[in-house]
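Work through the exercises below with the sequence and the coordinates open. Each task is followed by a solution in steps.

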Amino acid sequence: MELCPLIKNILLLDSEGKRIAVKYYSDDWPTNSAKEAFEKAVFAKTQKTNARTDAEITMFDNYVVVYKFVQDLHFFVTGGENENEIILAAVLQGFFDAVGLLLRGTVDKKEALENLDLILLCLDEIVDGGIILETDANVIAGKVASHSMDAGAPLSEQTITQALATAREHLTRSLLK
Amino acid sequence: MAQPLVKKDDDRDDEADYSPFLGIEKGAVLQEARVFNDPQLDPRRCSQVITKLLYLLNQGETFTKVEATEVFFAVTKLFQSKDIGLRRMVYVMIKELSPSADEVIIVTSSLMKDMTSKTDMYRANAIRVLCRITDGTLLTQIERYLKQAIVDKNPVVASAALVSGIHLLQQTNPEIVKRWSNEVQEAVQSRAALVQFHALALLHQIRQNDRLAVNKLVSSLTKGSVRSPLAQCLLIRYTSQVIRESANNNQAGDRPFYDFLEGCLRHKAEMVIFEAARAITELNGVTSRELTPAITVLQLFLSSSKPVLRFAAVRTLNKVAMTHPMAVTNCNIDMESLISDQNRSIATLAITTLLKTGNESSVDRLMKQITNFMSDIADEFKIVVVEAIRSLCLKFPLKHRSLMNFLSNILREEGGFEYKKAIVDSIVILIRDIPEAKESGLLHLCEFIEDCEFTYLSTQILHFLGIEGPKTSDPSKYIRYIYNRVHLENATVRAGAVSTLAKFGAMVDTLKPRVFVLLRRCLFDNDDEVRDRATLYINTLGGDGAVVETGEDVKEFLFGSLDIPLVNLENSLKNYEPSEESFDINSVPKEVKTQPLAEKKAPGKKPTGLGASPAGPPSTVDAYEKLLSSIPEFANFGKLFKSSAPVELTEAETEYAVNVVKHIFDGHVVFQYNCTNTIPEQLLENVTVIVDASEAEEFAEVASKPLRSLPYDSPGQTFVAFEKPEGVPAVGKFSNMLRFIVKEVDPSTGEAEDDGVEDEYQLEELEVVAADYMLKVGVSNFRNAWETMDADCERVDEYGLGPRESLAEAVNAVINLLGMQPCEGTEVVPNNSRSHTCLLSGVYIGNVKVLVRLQFGLDGPKDVAMKLAVRSEDEAVSDAIHEIVASG
């Protein structure tokens with residue numbers, strides 16, 4: 001029996017069950033199609049429930065899945081069938097709130113995709129190889145968002161490259177319109 | 001709180017389905033990744049490209065080896081940039097790419113530099129990345145830094161090192177991690193909650209094989225220095241493990257550490273409270289006094305506003321209800337309100353718990369509540385409820401009326417096949433087990449088939465009606481339902497209905513004339529099968545005034561089971577060529593074979609064996625019994641006591657594959673050799689096994705039954721029977737030689753030559769062991785069974801089993817040696833446990849019930865010691881069991 005609480009996967013899906021960002025920490029789903037099948041099944045099983053105020057929970061194929069929805073985003077955390085449900089819920093809450101903080105309150109699919117790097121870093125800070133790293137949303141978001149410069153970097157060089165990058169981006173956008 | 005810095009584009013355009021990844025393509029992104037090689041790095045742009053790469057991987061896209069290597073090398077260039085955000089993405093990317101050993105070397109120095117950097121974020125992440133991708137040799141180089149990191153004052157760095165340690169301990173290099181014990185111990189005292197949690201997890205894993213050390217760890221920490229709720233949950237798990245392992249030693253008196261668990265019920269964190277409550281309910285042999293406080297907190301959770309808490313509580317109580325239904329009854333009121341819970345998982349668990357704990361008087365009220373609930377849950381939940389109701393009904397047979405009504409009501413409502421089948425199965429079981437429920441149950445089934453969309457269920461019910469219906473007080477009332485089928489249903493159901501009608505006609509004389517009328521109408525059916533059946537039954541029942549067979553024969557024909565394997569019958573019918581001679585069912589071989597013998601006079605008809613299913617004969621005792629009794633030589637051996645599982649006597653993929661099944665009778669043993677010829681160019685004839693029983697003194701060969709012919713890839717059996725002293729568990733070794741006449745077969749025509757050569761083939765030895773005389777028969781309540789056995793017939797002794805791979809391996813070895821049935825799931829040994837109790841039950845030859853209690857303990861690192869206590873109805877048998885173990 002594994003004594004340490006383990007997370008099997010964390011999923012962020014959209015309102016059609018499509019992946020936004022997913023992270024699997026267990027070998028239970030060895031192939032991408034196995035993963036997709038799991039996501040599809042979880043989504044189908046939960047989409048009609050109302051998990052917008054409190055986190056909801058269900059048993060599924062000997063996994064416990066806790067989940068919470070906001071706008072067109074569906075958050076899931078999966079654990080083994082003997083896992084402490086409340087620990088799983090704590091991880092879900094940490095993920096959910098951290099994403100809320102990182103997206104500055106505008107939590108929807110569009111924002112999530114545009115800030116996918118933040119979401120991926122967020123997943124990286126919550127669980128490492130199945131072991132819970134952190135559940136406090138403020139700490140998680142803090143770790144992800146510490147985007148400031150390394151003290152050792154030459155400041156001048158930085159500002160110029162950044163300015164160039166912004167300019168280039170604006171240009172491409174206006175061209176694309 | 002750190003202010004989140006989010007990159008946002010102010011002039012972003014607000015089209016509804018704009019996605020930054022719209023139309024993204026792997027090839028294009030890989031091209032883009034060239035910016036990583038720019039001399040002047042643009043961190044922002046690089047970050048975006050990495051995000052795109054990660055997006056592709058996340059969507060299930062895979063990179064070829066070449067692509068992955070290219071991306072990896074490009075990414076390593078990014079270590080030049082000092083941008084923290086970019087560096088973070090680089091770390092994630094490297095982990096996703098999981099580089100090969102020779103690639104790892106490229107990044108090692110960069111990561112090691114980050115590991116010793118002044119920036120904590122670098123250090124923490126570099127440690128995680130490095131430990132993820134590293135192999136053993138590198139680990140020794142960085143060990144010093146890791147040890148320092150464990151006690152680093154920045155909790156993020158310490159946690160990163162500790163968590164990496166946990167992974168390393170399980171995978172690459174346990175020995176090195178074990179050397180960090182002192183630092184980890186220091187980290188357990190950390191003020192940072194998560195550090196404490198990770199340190200405790202690692203420390204326990206380092207010490208998990210040292211029982212004393214775990215014991216010490218638990219006793220010192222339970223005195224209260226753990227602050228983190230997660231660490232406290234871990235501690236509770238470790239504590240219950242210690243309790244489990246010490247339980248065998250001191251059964252009387254107070255349970256050690258129970259006070260700690262109970263104290264945790266008052267913790268401020270819900271996860272700790274729940275963990276403790278669950279741990280208490282799972283204690284071995286928990287008393288109701290110990291349970292009460294745990295049940296009380298779970299009861300509070302039941303009325304929580306959070307679904308997760310309600311679910312956790314009701315799931316735990318549901319488990320408790322299986323073993324201690326009385327302890328849960330206090331929660332019944334709260335549980336009843338959960339029946340209407342929004343979350344259907346919770347509602348279903350609540351209902352099944354209530355059904356387990358409910359008493360006779362509350363059944364009716366409960367059923368009323370459930371009726372409302374059933375209409376709006378999914379089929380899978382309904383099946384769970386139906387099964388719970390079935391067991392409730394078997395528990396309170398007096399309540400069969402309301403429960404049966406409930407089942408029939410839900411049977412009429414909408415539902416899928418699995419759900420309907422569960423209901424029908426339940427009703428059938430109730431009819432069988434509760435005689436009073438029979439008539440109403442049958443009527444419910446009749447009503448159901450009036451409007452049943454599932455052919456399978458209709459025919460099953462018709463068959464069941466045919467057997468049970470005629471025995472009821474008024475069989476005539478079922479006829480209408482059955483005959484309606486003949487009008488309204490598809491051909492399969494109509495044919496089933498015809499058979500059922502015939503059964504009524506055969507069993508109930510008063511109905512016979514009326515059944516004839518109905519059957520005659522079926523003669524005009526437009527389906528062949530239905531007409532054939534009707535004709536057949538009219539003839540057998542004598543409706544045409546023809547010569548009637550005796551009543552017994554008719555009943556045997558209608559109700560008896562067909563003792564011929566259907567495969568054989570099918571094959572014989574296929575081979576039958578229409579002629580003057582009518583088909584004789586007695587010519588169909590009764591021996592269980594996948595294929596009939598290929599007849600030589602039918603050239604070209606040789607089965608194209610390759611596609612034939614290689615499945616051996618069915619292994620159930622019933623099938624064996626039938627098979628053996630059909631062989632005249634063995635018919636007088638009496639009742640078959642036990643048939644062993646097949647034992648292979650040849651290596652896999654040899655010319656001839658032979659396995660043997662040992663059939664044990666009271667005074668005889670029959671060896672059934674299942675032979676398969678795997679050479680297409682050979683036909684074997686007159687196949688026998690020559691058995692040398694010189695090492696089995698108590699056995700004397702009495703009969704053998706050769707196999708006439710063994711064509712390619714079509715298994716056949718030959719038998720050898722031995723006499724042995726009656727009722728005695730004689731053991732011995734037998735050496736076997738396969739002897740046969742081999743004939744060459746021309747592969748193009750499939751025809752065998754006329755002359756054969758006699759040949760032999762050495763098989764492996766076969767042993768009759770004591771376990772062959774033991775039937776696996778379980779008992780439902782081991783403790784009761786144990787206590788009702790006479791203590792005078794108990795024999796206890798201790799054995800040293802010597803060094804073993806694991807405790808589980810030792811437990812399995814003893815179970816196999818005795819050939820007994822493990823009870824109450826005690827054959828499963830929890831990981832890392834140092835001791836284990838296993839309960840076995842069985843029936844020894846001579847129909848003597850035997851119960852065995854095995855206590856295993858690890859003595860030193862690998863040595864296993866075992867205490868064996870046997871109770872049986874006969875002292876001699878108890879002694880015999882000890883003999884088996886002592887000589888095994």
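**Exercise 1. Strand register and sheet order**

Task: Which residue in β4(A) stands opposite T58(A)? Then place the strand pair in its sheet.

Solution. In this predicted model, the residue facing T58(A) is V65(A) of β4(A). β3(A) and β4(A), the latter covering residues 63-70, pair in the antiparallel sense over five bridges. The pair belongs to an open sheet of five strands in chain A, ordered β2-β1-β5-β4-β3 with antiparallel pairing. Its edge strands are β2 (19-24) and β3 (56-60), each of which pairs on one side only. From one strand to the next the twist averages 15 degrees.

**Exercise 2. The helix over the sheet**

Task: Across which strands does helix α2 of chain A lie, and how is the pair F75(A) and F95(A) classified?

Solution. Helix α2(A), residues 85-102, lies across β1 (7-14), β3, β4 and β5 (73-80) of chain A. Relative to β4(A), the helix runs at about 30 degrees. For the rings of F75(A) and F95(A), take the centre distance, 5.2 Å, and the angle between the planes, 70 degrees. Planes over 60 degrees apart count as edge-to-face, so the F75(A) and F95(A) pair is edge-to-face. F75(A) lies in strand β5 and F95(A) in helix α2 of chain A, so the pair ties together parts that are 20 residues apart in sequence. F75(A) is buried at a relative accessible area of 0%, and F95(A) is buried at 0% relative accessibility.

**Exercise 3. A tilted ring pair**

Task: What are the centre distance and plane angle for W29(A) and F38(A)? Are the two rings' residues buried or exposed?

Solution. The centres of the W29(A) and F38(A) rings are 4.6 Å apart and the planes make 50 degrees, a tilted pair. The cut-off for buried is under 20% relative accessible area. W29(A), at 7%, therefore counts as buried, and F38(A), at 5%, does as well. Ring pairs also link Y24(A), W29(A), F38(A), F60(A) and Y63(A) into a cluster. Over all chains there are 26 aromatic pairs.

**Exercise 4. Nonpolar cores**

Task: Which residues touch the most other members of the largest nonpolar core?

Solution. They are I10(A) and F36(B), in a core of 250 residues. The largest share of this core comes from α2(A), with 12 residues. Leaving out residues up to four places away in sequence, the contacts of F36(B) include L41(B), C46(B), V49(B) and I50(B). A second, separate core has 63 residues, among them I664(B) and F699(B).

**Exercise 5. Salt bridges**

Task: Where do E125(A) and R88(B) lie, and what distance separates N and O in their salt bridge?

Solution. The side chains of E125(A) and R88(B) meet at 2.6 Å, N to O. E125(A) is in helix α4 (residues 116-126) of chain A and R88(B) in helix α4 (residues 84-97) of chain B, so the pair joins two chains. Both E125(A) and R88(B) are buried.

Now take R871(B) and E794(B), whose closest N and O atoms are 2.5 Å apart. R871(B) sits in strand β17 of chain B and E794(B) in the loop between α34 and β13 of chain B, 77 residues apart. R871(B) is buried at 11% relative accessible area, while E794(B) is partly exposed at 22%.

Finally, salt bridges with shared partners join a network that includes D124(A), E125(A), R88(B) and R132(B). The count over all chains comes to 44 salt bridges.

Note on methods
Residues numbered from 1 in each chain as written. Chains lettered and ligands numbered in written order. Predicted model: local features only at pLDDT ≥ 70, side-chain atom pairs only at ≥ 80, totals over all residues. Heavy atoms only, no water. Pairing = 2+ DSSP bridges. Helix = DSSP H or I, 4+ residues; strand = E, 2+ residues; numbered from the N terminus. Axes fitted to C-alpha atoms, helices over the stretch in contact; angles between N-to-C directions. Contact = heavy atoms within 4.5 Å. Core = buried A, V, L, I, M, F, W, Y, C linked by side-chain atoms within 4.5 Å. Buried < 20%, exposed > 50% of the residue type's maximum accessible area, 1.4 Å probe, protein only. Salt bridge = Lys/Arg side-chain N within 4 Å of Asp/Glu carboxyl O. Phe/Tyr/Trp six-rings, centres within 6.5 Å; stacked < 30°, edge-to-face > 60°.
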